[in-house]
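Colleague: Hi! Could you walk me through this one? I'm new to reading structures.
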Amino acid sequence: GQTHGWTREVRRKVVRTTLVMGALMFSYQATSFWFGTLLRIEGRAPLPYLIALNLGGILGAVAWGAIADTRLRPRGAVVVAGLATIAVVPLFLVAATAAWLWPATLIVGFTAGGIIGIAPAFIAGQFMTRMRGAASGVTYQSASVIGACAPLPRARPRSCLRQVWIEFSDVQIARPEVCCYRAFASRGRTV
């Protein structure tokens, strides 16, 4: 037998949910880590843009949380927010003036940062009550480890602006994994 409810299905769901949340956290951590570097390379003061990124995240958490309370539920809100992030990243990457970069940063914060705000509801919704605490804790902390690795692949400062753009773009490409979650998730079942 299984001990403490850690059935094969619960373990699978922990792995699957960890991978989805890990991709989200990796993307967000890489965005926030590399963004300051990019701003410094461009000769911009990072503080106003980092405020925009985090303000967008707060507003996004409220909005995606409200969406998570609709028929879409947290899983659907994560998918929609992931798709929205993919859609707005090009605007963010090509914004060359402060007049465009600040609102673009706010929008990316809203989509990419806002997802992190609904992560607890998304994760908890994957498990039935008797396993919710333990499985959610393992999932969230494991996903955090994945996110913490975001700055590691190329942690040395770059002098070439183009390389920073490439780094930033590569990280955002991980977002389609979020959209694929529905294909792997069990529809209408709770574990």
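Colleague: In what order do the elements run from the N terminus on?
Modeller: From the N terminus on, the order is α-α-α-α-α-α-α. That fits the count for this predicted model: the protein has seven helices and zero strands.

Colleague: Cool. And what share of the residues count as buried?
Modeller: Of the protein's 191 residues, 45% count as buried. As for the surface, the protein exposes about 9600 Å², and carbon and sulfur atoms supply 65% of that area.

Colleague: Can you show me one residue? Is Thr-18 buried or exposed?
Modeller: Thr-18 has 9% relative accessibility, so it counts as buried, the cut-off being under 20%. Its place is in helix H1, residues 8-41.

Colleague: Which residues is Thr-18 in contact with?
Modeller: Leaving aside neighbours within four places in sequence, Thr-18 is in contact with Thr-139, Ser-142, Ala-143 and Ile-146. On the scale of the whole protein, take the contacts with a separation of 6 or more: residues 24 or more positions apart account for 80% of them.

Colleague: New topic: how many aromatic pairs does the structure hold?
Modeller: The structure holds one aromatic pair. The ring centres of Trp-64 and Phe-110 are 5.7 Å apart and the planes are at 50°, so the pair is tilted.

Colleague: Which helices do Trp-64 and Phe-110 lie in?
Modeller: Trp-64 lies in helix H2 (residues 46-68) and Phe-110 in helix H4 (residues 98-124), so the pair ties together parts that are 46 residues apart in sequence.

Colleague: And are those two buried or exposed?
Modeller: Trp-64, at 5% relative accessibility, counts as buried, while Phe-110, at 29%, counts as partly exposed.

Colleague: Back to H4, then. Where does H4 bend?
Modeller: H4 bends by about 50° at Ile-118, and a proline, Pro-120, follows within four residues. As for span, the 27 residues of H4 should cover 39 Å at 1.5 Å a residue, and the end C-alpha atoms are 39 Å apart, which agrees.

Colleague: Last thing: what pLDDT does the protein average?
Modeller: The protein averages a pLDDT of 78, and 77% of the residues score at least 70. Among the elements, H2 has the highest mean pLDDT, 94, and helix H7 (residues 176-184) has the lowest, 37.

Colleague: Where does pLDDT stay under 50?
Modeller: pLDDT stays under 50 over residues 155-191. The model has 78 contacts beyond four places in sequence for that stretch. Where pLDDT is low, the predicted coordinates should not be read in detail.

Key
Residues are numbered from 1 along each chain as its sequence is written. This is a predicted model: local features need pLDDT of at least 70, side-chain atom pairs count only at pLDDT 80 or more; totals for chains, interfaces and linings use all residues. Side-chain values use heavy atoms; hydrogens and water are left out. Rings of Phe, Tyr and Trp (its six-membered ring) pair if their centres lie within 6.5 Å; planes under 30 degrees apart count as stacked, over 60 as edge-to-face and the rest as tilted. Helices (H or I, at least four residues) and strands (E, at least two) are DSSP runs, numbered from the N terminus. Buried means under 20% relative accessible area, exposed over 50%, partly exposed in between (1.4 Å probe, protein chains only). pLDDT is the predictor's confidence in each residue, from 0 to 100. Contact means heavy atoms within 4.5 Å. The expected span of a helix is 1.5 Å times one less than its number of residues. The bend at a residue is the angle between axes fitted to the seven residues ending there and the seven starting there. Accessible areas come from the Shrake-Rupley method with a 1.4 Å probe; for residues, only the protein chains shown count as cover.
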